[in-house]
Amino acid sequence: MKKLHRGLYIGRFQPYHLGHSKVLEVIVGEINEVIIGIGSAQESYHQNNPFTAGERVLMVSKALEEFDIKSYIIPIEDVHCNSLWVSRVTSMVPPFDVVYSNNSLVVELFRDSDVKVVKTPLFNRMMYSGSMIRELMLAGKEWRHLVPDSVAGVIDDIDGTGRIQRVAGSDKEF
Ligand code: ATP
Ligand code: MG
């Protein structure tokens, strides 16, 4: 099968986890170059979006070292208007031939813009989930087995667990 040249994979990566790595294992075999779009790039220091775009770039870039593929990692800020989102993304990333996603809104928006979209399989979605990992961090439970070691290192270096716990704290709790 002839490879498509360049593929786009978009996520918030709050944080990057082993589910993302499993998806990448599949798609790097189908393309020559991968673009990782870091969505909601403007968000950080929030319980649901704890990490900055720069910290997420670092997580993805370290995780990608295990794959032998040319990559581009591009932060993408929200446009707060779904009908304009595809043109925003397209203007921010190198030209691409295919989008990989499992997010139904992402799939819908790109397909309506006549972009080739491939739906990716889900891997252990119960545990390999950004929401689940953030919950574990907040509860002070173990989460490191759900992300690549290199990503755990990035998160520990910035005391990511402490950050989630601090930003989730309310001044109304006594
Ligand atoms: P959150 O719970 O914060 O939304 P998430 O785990 O869904 O985090 P995202 O960064 O939102 O992570 O996901 C980026 C892309 O990776 C989406 O297309 C999502 O469907 C996909 N994805 C996330 N987890 C998995 C998984 N376990 N297996 C396969 N694909 C996944
Ligand atoms: Mg998600």
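This is a short question-and-answer tour of a predicted model.

Visitor: Why is α2 called roughly antiparallel to α6?

Guide: Helix α2 (residues 53-64) and helix α6 (residues 149-157) pack at an angle of about 155°. Angles over 145 degrees count as roughly antiparallel. Therefore α2 is roughly antiparallel to α6. Their axes lie 8 Å apart, and the crossing of α2 and α6 is right-handed.

Visitor: What makes the contact of α2 and α6?

Guide: Helix α2 gives Glu-55, Leu-58, Met-59, Lys-62 and Ala-63. Helix α6 gives Ser-150, Val-151, Val-154 and Ile-155. By class, that contact has 6 nonpolar, 1 polar and 2 charged residues.

Visitor: Why is α3 called roughly perpendicular to α4?

Guide: The axes of helix α3 (residues 82-92) and helix α4 (residues 104-112) cross at roughly 75°. The range for roughly perpendicular is 65 to 115 degrees. So α3 is roughly perpendicular to α4. The two axes come within 9 Å.

Visitor: Which residues make the contact of α3 and α4?

Guide: Asn-82, Trp-85, Val-86 and Val-89 come from α3. Leu-105, Val-106, Leu-109 and Phe-110 come from α4. The classes are 7 nonpolar, 1 polar and no charged residues.

Visitor: What makes the pair between Ser-131 and ligand 1 a polar contact?

Guide: A side-chain N or O atom of Ser-131 is 2.4 Å from an oxygen atom of ligand 1. A polar contact is a pair of N or O atoms within 3.5 Å, so the pair counts. For Tyr-9, the distance from a polar side-chain atom to a ligand 1 oxygen is 2.7 Å. For the His-20 side chain it is 3.1 Å.

Technical notes. Residues numbered from 1 in each chain as written. Chains lettered and ligands numbered in written order. Predicted model: local features only at pLDDT ≥ 70, side-chain atom pairs only at ≥ 80, totals over all residues. Heavy atoms only, no water. Axes fitted to C-alpha atoms, helices over the stretch in contact; angles between N-to-C directions. Helix = DSSP H or I, 4+ residues; strand = E, 2+ residues; numbered from the N terminus. Parallel < 35°, antiparallel > 145°, perpendicular 65-115°, else oblique. Left-handed = near helix turned anticlockwise from the far one by under 90°. Contact = heavy atoms within 4.5 Å. Nonpolar A, V, L, I, M, F, W, Y, C, P; charged D, E, K, R; others polar. Polar contact = N/O pair within 3.5 Å; in protein donor to acceptor, adjacent residues only side chain to side chain.
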